[in-house]
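Dear colleague,

I am handing over the structure we spoke of, and below it I set out what was found. Please read the notes with the coordinates open beside them.

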Amino acid sequence: MKVALHARYSSDNQRDASIEDQLRLCRSHAERQGWRVVDSYSDRAISGSSLLRPGVQDLIADGLKRRFDVILTESLDRLSRDQEDIAGFYKRMRFAGVAIVTLSEGEVSELHIGLKGTMGALYLKDLADKTRRGLRGRVEEGKSGGGLCYGYDVVKQVGASGEAMRGDRRINAAEAAVVRRIFSDYLAGESSRRIAWTLNHEGLPGPQGSTWGPSTIHGNPKRGTGILNNELYVGRLVWNRLRYLKDPNSGKRVSRLNPESEWVIQEVPDLRIVDQDVWEAVKARQEAFAFTPAEHSKADGSVLIDRRRPKHLFAGLVKCGCCGGGYSMISKDLLGCSTTRNKGTCGNWRNIRRDALEASVLNGLRTHLMEPALFKEFCDEFTREMNRLRIEQRTGQDA
């Protein structure tokens, strides 16, 4: 009997050797059963809250092709802790005639799927609740409840018990000077794009050592993102303004704004970088330039200006040959390098007409796509992508 092995560990408190340990135990079990191991699949430092992981996706694809008869893993939650995902995974493998066996539960049945799926989901919820409770307690003590933001350094301290004390911050003088300069330049009338340009040309690294971009500076006032909206710069620590959810289709985290009544606010005057009058002046300028549909509408109530440009045929696909950044619409008909215009870190000022680009690409497709070799390559790639999307869709459906 042919068997495939699967192993996974999350980044919580395990180590990379955990993968090898799991696979070693699975191989020993397979040998005792007289099974032949044909392949092994692994996901390193990835949460089990989603099936959108490279290792398990390859496992699903090969299972549907009947490359093996059995999937062997340490426990069911190594595959997934999500109820919907594990049920969908079991349903697909059962349809393909592939059995699932774990070292903990033995051969998996519908009963295991129901019980272990529920236990896995409860584990994730309990872990999230405990994490939030701990972060809230830290914030109420005036300590950071999240990552390190620009303008501050982590203070490393050890408590009397020998454990690391987390959440303490102190002002980074050099970065604080840049923060004050951004506020000052913005009040002087400069746009966030111009400020980003200047900082990049002067070689000043942005948050986490990245380059500066307009959105890094202006952010979103309602969500409190961006340099100009970070209330920590005026000595106010705001926590739980946003909550993060995982998109079940893409597996990516998306943010949602919480009601203001759920925010946790703590005064931390020692961390103030910007004077209050400067902060209030910036808020007033932001409000003056804020877009309100009521002010930009016709007499019949329809919006006169739509800030969202319509997508063109190759939107998101055109890249700069110099920096690899995206080419976006810079006027009604022209495409240009976004990095050049927004950050000033690329010197490619060459523009191209959208209609000329589309005509050139479509003409090339008409001329060369039907050539036998290229047509076969296109069909093969198209089939692979369709199979991948179909697998993702199936594993995301409710069993």
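In this model, which is predicted, M370, F375, F378, F382, M386 and L389 form a nonpolar patch on the surface, and together they offer about 590 Å² of accessible area. One of these residues, L389, is placed in helix 12, which covers residues 372-396. With a relative accessible area of 39%, L389 counts as partly exposed, because that class runs between 20% and 50%.

The aromatic side chains were examined next, and a search of the whole structure gives six aromatic pairs. One of them joins Y152 and Y233, whose ring centres are 6.1 Å apart and whose planes meet at 10°, so the pair is classed as stacked. Since Y152 belongs to strand 6 (residues 152-154), while Y233 lies in the loop between helix 8 (214-218) and strand 10 (236-239), this pair ties together parts of the chain that are 81 residues apart in sequence. Both Y152 and Y233 are buried.

Y233 also takes part in an aromatic pair with F183, and here the arrangement is edge-to-face, with 6.4 Å from centre to centre and 90° between the planes. This pair, too, links distant parts of the chain, given that F183 sits in helix 6 (residues 173-187) and Y233 in the loop between helix 8 and strand 10, 50 residues away. F183 has a relative accessible area of 1% and is therefore buried, and Y233, at 1% relative accessibility, likewise counts as buried, the limit for that class being under 20%. Taken as a group, Y152, F183, Y233 and W279 make up one aromatic cluster.

W279 brings in a charged neighbour as well, for the charged end of K283 sits over the ring of W279, 4.7 Å from its centre. A contact of this kind is also found between R241 and W263, where the charged end of R241 sits over the ring at 4.5 Å from the centre.

Finally, you may wish to look at strand 10, which has a covered face made of L237 and W239 and an uncovered one made of R236 and V238. Strand 10 pairs with strand 13 (residues 264-267) in the antiparallel sense, over four bridges. Within this pairing, which residue of strand 13 does R236 stand opposite? The partner is E267, so far as the predicted model shows.

With best regards

Technical notes. Residues numbered from 1 in each chain as written. Predicted model: local features only at pLDDT ≥ 70, side-chain atom pairs only at ≥ 80, totals over all residues. Heavy atoms only, no water. Patch = residues over 30% accessible without salt bridge, like charges linked within 9 Å, V, L, I, M, F, W, Y side chains within 5 Å. Areas by Shrake-Rupley, 256 points an atom, 1.4 Å probe, with all protein chains shown as cover. Salt bridge = Lys/Arg side-chain N within 4 Å of Asp/Glu carboxyl O. Helix = DSSP H or I, 4+ residues; strand = E, 2+ residues; numbered from the N terminus. Buried < 20%, exposed > 50% of the residue type's maximum accessible area, 1.4 Å probe, protein only. Phe/Tyr/Trp six-rings, centres within 6.5 Å; stacked < 30°, edge-to-face > 60°. Lys NZ or Arg CZ within 6 Å of the ring centre and 35° of its normal. Pairing = 2+ DSSP bridges.
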